[in-house]
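Below are some working notes on the model, set out as numbered points. They go from one local environment to the backbone, then to the domains and the chain interface.

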Amino acid sequence: MAERAPIARSPISPAPPVTVEYGWEISARRTSADLRIMDCTPLVKILVRASIDGGVARALEVPFGRAACDERGVLVVGSGPGEWLLLAPPGAGTETVRRVEEVRDREIVSILDVTHGRALVRISGEEAVDLLAKVCGIDFSDEVTPDGTAFRSSVAKLTTDVVRDDQDGVRSYLLHCERSFGQYLFDSLHDAGDEFGIEIEGFAGSKALSQPG
Amino acid sequence: MRSATVQTRMPMRLGPQPGEVIDRHRPFTFTWNGERYPAFAGDTIISALAASGERVFSRSFKYHRPRGLLTASFLDPGCVVQVNDEPNVRGSHRRVEPGMIVSAQNAWPSLRFDAKSVNRFLGRFLPPGFYYKTFIKPQRLWPAYEKVLQRFAAGGRTFPDSPHGYYDKRYAHPDIVVAGGGPAGMAAAVAAAEAGARVILVEEEYELGGHLRWGSEDELGALRELRDEVARTPGIEVLTNSVVNGRYDGNWVAILQRNLPHVEERLIKARAKVLVVAPGLIERPYVFRGNDLPGVILSTAARRLINLFAVKPGERAVVLTANADGDAAVADLERAGVEVARVEDARRGGDIIGARGRNGVRMVECGDGSRVECDLLVTATGWTAPTSLLNMAGDRPVYNPTAARFFPSRPSDDVLATGGISGDGSLDELLAHARATGQEAARRALKVGSALRAGVPRRVDVEEPPDMPPIEIPELPVVEHPELFQGRTDGIVDFSEDISSKDIVAAAKEGYDSVELMKRYTTATMGPTQGKLETVNAVAILARATGKTIEETGTTVWRPPYAPITLGALAGRNFEPVRYSPMQPWHERHGANPMVAGAWIRPEHYGDPESEARNVRENVGLIDVTPLGKLDLRGPDVPKLLNLLYVNQWNTLEVGKVRYGVMCAEDGVVLDDGVTGRLGPEHYLMTTTTSGAATVWEWIESWLQTEHPDWQVHVTPVTDAYASINIAGPKSRELLLRVAGDVDLSPEAFPYMNVRTGTVAGVEGCFMWRIGFTGELSYEVHVPAAYGLYVWEKLMDRGADLGVKPFGIQAQRILRLEKGHLIVGQDTDGLTGAYSAGLSWAIKLYKEDFIGKPELSWQSECDNSFQLVGLQPHDGSVVPPEASQIVEGENEIAGRITSSCMSPTLGRSICLGFVAPHLAEPGTSVTVLLPNGERTTARVMEYLAHFDPKGERQRG
């Protein structure tokens with residue numbers, strides 16, 4: 001009997017019904033709720049470290065504190081000074097790494113696939129602001145944190161990277177943390193969103209990342 | 001029909017009132033002290049009881065005097081009740097609900113016959129400071145005193161088994177917080193929002209409106225207009241049944257929000273650019289004999305009862321009035337059918353000498369000596385300006401004798417005041433002042449906002465509002481008011497604490513003549529009302545007692561909280577991040593006993609740790625070591641970094657090799673240890689202790705960024721990126737062979753202290769380390785974390801015939817102690833140098849430099865530090881508990897046990913411990929003092945390892 005392909009699992013228990021797609025065990029749940037939470041851990045996550053003014057920085061074009069979707073649908077997040085997190089659809093890891101490799105010059109560049117090291121959650125809906133206001137001290141108004149803002153802060157007392165990544169004009173946030181805290185972060189956000197009627201939506205590659213604009 | 005039935009049971013309920021807040025179409029019943037009472041939706045607990053003719057709602061704090069309604073508001077000190085299992089509920093504020101079970105507090109056996117009311121006859125023996133003076137000596141009797149005093153302590157009952165409610169917090173970043181939703185607050189909020197500011201408008205009551213709610217037709221009309229304006233103006237978030245509880249530095253404003261649909265109470269942490277304080281004025285009581293009798297109420301209480309709740313406050317009234325509100329109360333009373341038997345007008349010399357009655361007013365002695373029989377005495381003698389929030393911003397209120405109240409003195413840039421707290425005047429004048437204040441607040445807030453946004457790097461461009469000139473805020477007039485604080489007789493000043501005017505005078509005579517000392521000595525103003533009813537009277541009485549003016553006496557400093565707040569609201573949600581390994585679901589399914597290790601939840605054991613340890617020695621075991629710290633190091637200068645961090649040598653480490661390293665701080669104290677493997681020419685993977693992972697990362701970054709920013713090194717924490725599984729035991733190679741696809745595991749190709757990259761159970765990109773903590777042949781496999789559970793299950797499945805079993809932390813600790821491996825933090829402490837820890841073999845002082853070298857160079861020449869040694873008790877059945885002292889002579893400390901256990905492999909107890917240098921020679925017998933006082937002896941061993949000291953098993 002042929003050996004089955006290994007199954008990848010998120011740190012966040014999938015809400016039933018559960019299926020396997022992209023090699024990951026994921027929730028197949030769908031919802032039409034206004035406020036939704038989705039475990040996006042299966043997205044490819046590439047951490048790039050390079051100088052702030054080298055070839056990689058110029059090619060990625062996204063400064064620290066901002067996030068933007070490139071022409072191939074990769075969300076480039078300026079996650080720190082000289083540090084970028086690239087979020088890509090499942091299976092696009094090798095291609096994403098290759099593209100960064102191509103633009104490096106003589107500088108020291110680190111390219112790490114941290115897909116397995118980070119938990120990633122998306123909250124979508126206009127009331128996402130009210131939810132986040134219960135767990136994070138940052139001002140989520142449009143003036144201070146417009147679409148495309150990226151920052152690191154305490155969310156439910158956990159160091160978390162937050163990216164505002166609106167989808168089709170609807171407010172949406174990606175939150176990621178160290179993988180081992182994933183279930184805790186998810187549970188904390190779900191609890192905070194309970195009063196706003198938050199519902200779980202299973203991972204869908206097409207909804208996990210914004211389409212290139 | 002049902003409505004009519006209920007109505008007949010509410011003899012004091014009036015017909016419909018223009019501004020009433022009750023819904024007569026929604027009657028229901030609730031329970032008060034075991035009896036059912038009717039109510040309407042919108043009633044407070046007390047208004048419903050008052051409608052049924054009840055007048056006594058509690059017993060007073062100290063003397064257990066009967067207390068009734070005084071303010072008919074949140075502050076009402078005599079209306080604090082128990083609701084279901086919730087103590088200390090403000091009965092004049094909390095809306096009554098169907099089926100609610102309400103009972104009186106602070107009374108035994110019943111409210112009507114309170115045995116503790118004997119205290120009132122002992123009043124002369126309970127002066128201020130009674131507790132301090134009486135119970136301070138002899139100290140040994142305090143436990144007995146405490147038991148007695150607890151029985152007399154005021155307050156409701158708590159029930160430990162009650163489920164705790166849902167409390168949480170919320171952060172907010174408005175431009176402006178307006179504290180107070182009366183007419184001035186509403187007008188200020190609207191004006192600010194119209195000027196472009198985002199506003200949070202906070203009102204303590206359930207509806208906006210302040211005093212307009214119980215006002216005339218004209219005032220009700222103005223209220224409707226203001227409410228409409230608030231509703232239709234975008235940018236205003238209205239929070240009712242909420243209170244601004246404190247103002248802190250940087251305009252950090254704490255707002256308590258009560259009784260939300262999903263939340264019991266919520267603490268909002270608002271970072272306001274400008275705070276507008278508009279709480280209105282609070283009517284203060286008058287001090288005279290009998291002023292705390294049920295039936296003695298404030299004019300605003302009478303008007304609230306009549307106009308909001310349609311409750312007739314009494315049948316026959318005497319009114320003492322000194323202002324227009326008192327006059328309006330007279331009109332309301334007459335309209336409600338109350339016989340107003342006498343109006344004492346203080347503006348024309350009228351006064352009240354005292355009130356008499358047992359459980360309520362029966363007769364009032366007026367200023368001219370005449371006596372009037374009545375069941376209601378209404379007073380309107382002046383106002384308190386609640387300047388608390390302004391105090392918290394640094395303001396010191398100043399007394400104005402014309403208005404007979406305190407006023408704010410010091411304007412600030414980020415806190416403004418409006419409404420009655422700032423002055424008097426007509427409604428139009430107040431609204432004009434409030435609107436100008438709101439506009440000015442918006443101007444200041446938007447200016448601050450622009451400055452803040454300018455400091456945010458690379459933000460998107462937004463159009464900044466033009467810089468506007470300051471808005472001129474008109475002065476409010478100050479209306480003359482008689483200075484009425486205390487009449488010709490003594491009475492209660494602080495209704496919460498049962499402090500009388502006599503108590504304040506006595507305190508002054510005892511030398512507590514400053515207002516702050518008087519406050520602390522008598523506890524006046526320190527009860528739940530926090531001075532809002534009693535401060536001005538207390539200050540005035542103290543001033544008279546000391547011969548000073550009120551201005552000279554000054555007022556107390558008001559601090560947060562403005563209103564009582566529950567511990568639940570302060571605590572909020574319990575956020576306690578926890579970390580789980582990818583294999584956690586398997587551990588849970590297989591009965592692992594969870595152990596908290598920092599934020600990690602780890603399997604302590606699976607039921608029998610000694611059996612788990614034996615299986616590792618005999619077969620093969622798996623342990624989840626995911627929490628082990630892992631740092632990815634890249635760059636040409638990594639060897640320089642390793643040489644700096646570790647005390648040993650790193651220049652010669654080849655690709656595929658692993659080396660153990662010891663990290664010390666500058667003082668030579670052991671900071672961390674672990675192995676580092678070289679995965680590629682410029683690529684290394686460092687492991688750290690579980691607890692040291694974050695510290696080591698920060699330590700490395702600190703050295704790189706401050707001392708060697710020129711080094712070409714990238715350090716990235718990857719602890720969570722890999723699930724780590726240690727496969728340990730003589731059959732570990734055989735097990736790994738079954739799942740490792742592309743790596744030659746033979747001892748020759750993959751010897752001890754080597755690392756390989758390859759495929760495990762079909763998962764690519766795994767690291768396999770031939771290292772071990774257990775002393776057995778073992779492999780540590782680092783698997784991309786999402787596949788951790790998959791690989792673990794594969795190993796368990798494929799190794800079933802090899803006897804593979806999981807083992808937990810407890811078994812691992814047994815095994816490592818048998819092997820004599822130290823644990824940094826357990827076998828070392830914050831003072832343990834590397835030489836003491838038996839690590840001299842690793843320290844290479846010939847290296848050019850490394851962290852801790854100067855100190856370690858000095859330590860190498862000294863020979864006086866304790867040494868870590870292996871110890872075996874002579875009686876192998878005795879396991880000295882960890883931290884047992886090693887002693888010499890008359891209990892002179894000569895060391896301590898750091899680790900100990902019963903070894904299942906050796907069948908005897910084994911230990912690691914520190915001993916004084918002269919005791920460190922192998923074979924030396926030392927004395928161990930056990931916690932129970934007994935002594936045992938132990939032998940110093942030749943090696944730290946008790947088992948396989950040559951390491952033949954792990955190198956096999």
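**Notes on the predicted model**

1. B:Thr936 touches B:Val878, B:Val926, B:Thr927, B:Val928 and B:Leu930, leaving aside residues up to four places away in sequence. The model is a predicted one. B:Thr936 belongs to strand β48 of chain B, residues 935-940. B:Thr936 counts as buried because its relative accessible area is 11%, and the cut-off for buried is under 20%.

2. Helix α22 of chain B spans residues 809-819 and is mostly covered, with nine of its eleven residues buried. The buried set consists of B:Ile809, B:Ala811, B:Gln812, B:Ile814, B:Leu815, B:Arg816, B:Leu817, B:Glu818 and B:Lys819. A reader checking side chains here should note that the set includes B:Arg816, B:Glu818 and B:Lys819.

3. What do the buried residues of α22(B) pack against? Their partners in chain B are the strands β30 (593-597), β31 (600-605), β32 (621-624), β45 (892-903) and β46 (908-915), together with helix α17 (609-618). Just after α22(B) comes B:Gly820, with a positive phi of about 80 degrees.

4. Two residues that are not glycine also have positive phi. For B:Asn33 the angle is about 50 degrees, and the residue sits in the loop between β1 (23-32) and β2 (35-41) of chain B. For B:Ala310 the angle is about 55 degrees, and its place is the loop between α7 (299-309) and β18 (316-321) of chain B.

5. Are B:Asn33 and B:Ala310 buried or exposed? B:Asn33 is partly exposed, at a relative accessible area of 36%. B:Ala310 has a relative accessible area of 0% and is therefore buried.

6. Cis peptide bonds should be looked at as well. In chain A, the bond from A:Pro16 to A:Pro17 is cis, with omega near 0 degrees; A:Pro17 is in the loop between β1 (8-9) and β2 (18-21) of that chain. In chain B, the bond from B:Pro560 to B:Pro561 is cis, again with omega near 0 degrees. B:Pro561 is in the loop between α14 (550-553) and α15 (567-571) of chain B.

7. Chain A is assigned two domains: domain 1 (16-42 + 117-203) and domain 2 (44-115). Their C-alpha centres lie 22 Å apart. In contact are 19 residues of domain 1 of chain A and 15 residues of domain 2 of chain A. The area buried between these domains is about 1200 Å², with carbon and sulfur atoms giving 61% of that. On the domain 1 side, A:Arg118, A:Gly148 and A:Ala150 supply 29% of the area buried against domain 2, more than any other three residues.

8. How many salt bridges are counted between domain 1 and domain 2 of chain A? The count is one. Within chain A, the side chains of A:Glu83 and A:Arg152 meet in a salt bridge, at 3.4 Å from N to O. Ten residue pairs are in polar contact across this domain interface, both residues being at pLDDT 80 or more. On the side of domain 1 that touches domain 2, β10 (118-124), β11 (150-155), β12 (158-164) and β13 (172-178) of chain A are the elements giving two or more residues. By class, that side has nine nonpolar, five polar and five charged residues.

9. Between the chains, 44 residues of chain A are in contact with 47 residues of chain B. The buried area is about 4000 Å², and carbon and sulfur atoms give 56% of it. In chain A, the residues losing the most area to chain B are A:Ile108, A:Glu143 and A:Ser180, together 15% of what that side buries.

10. Five salt bridges are counted between chain A and chain B. B:Arg573 forms a salt bridge with A:Asp191, with the closest N and O atoms 3.2 Å apart. The rule also finds 18 residue pairs in polar contact across the chain interface, both residues at pLDDT 80 or more. On the side of chain A that touches chain B, β1, β5 (44-49), β9 (110-113) and α4 (182-193) of chain A each supply at least two residues. The largest share, five residues, comes from α4(A). By class, the side of chain A that touches chain B has 23 nonpolar, eight polar and 13 charged residues.

Note on methods:
Residues numbered from 1 in each chain as written. Chains lettered and ligands numbered in written order. Predicted model: local features only at pLDDT ≥ 70, side-chain atom pairs only at ≥ 80, totals over all residues. Heavy atoms only, no water. Buried < 20%, exposed > 50% of the residue type's maximum accessible area, 1.4 Å probe, protein only. Helix = DSSP H or I, 4+ residues; strand = E, 2+ residues; numbered from the N terminus. Contact = heavy atoms within 4.5 Å. Buried area = accessible area lost by both parts, 1.4 Å probe. Salt bridge = Lys/Arg side-chain N within 4 Å of Asp/Glu carboxyl O. Polar contact = N/O pair within 3.5 Å; in protein donor to acceptor, adjacent residues only side chain to side chain. Nonpolar A, V, L, I, M, F, W, Y, C, P; charged D, E, K, R; others polar. Domains from an automatic or database assignment.
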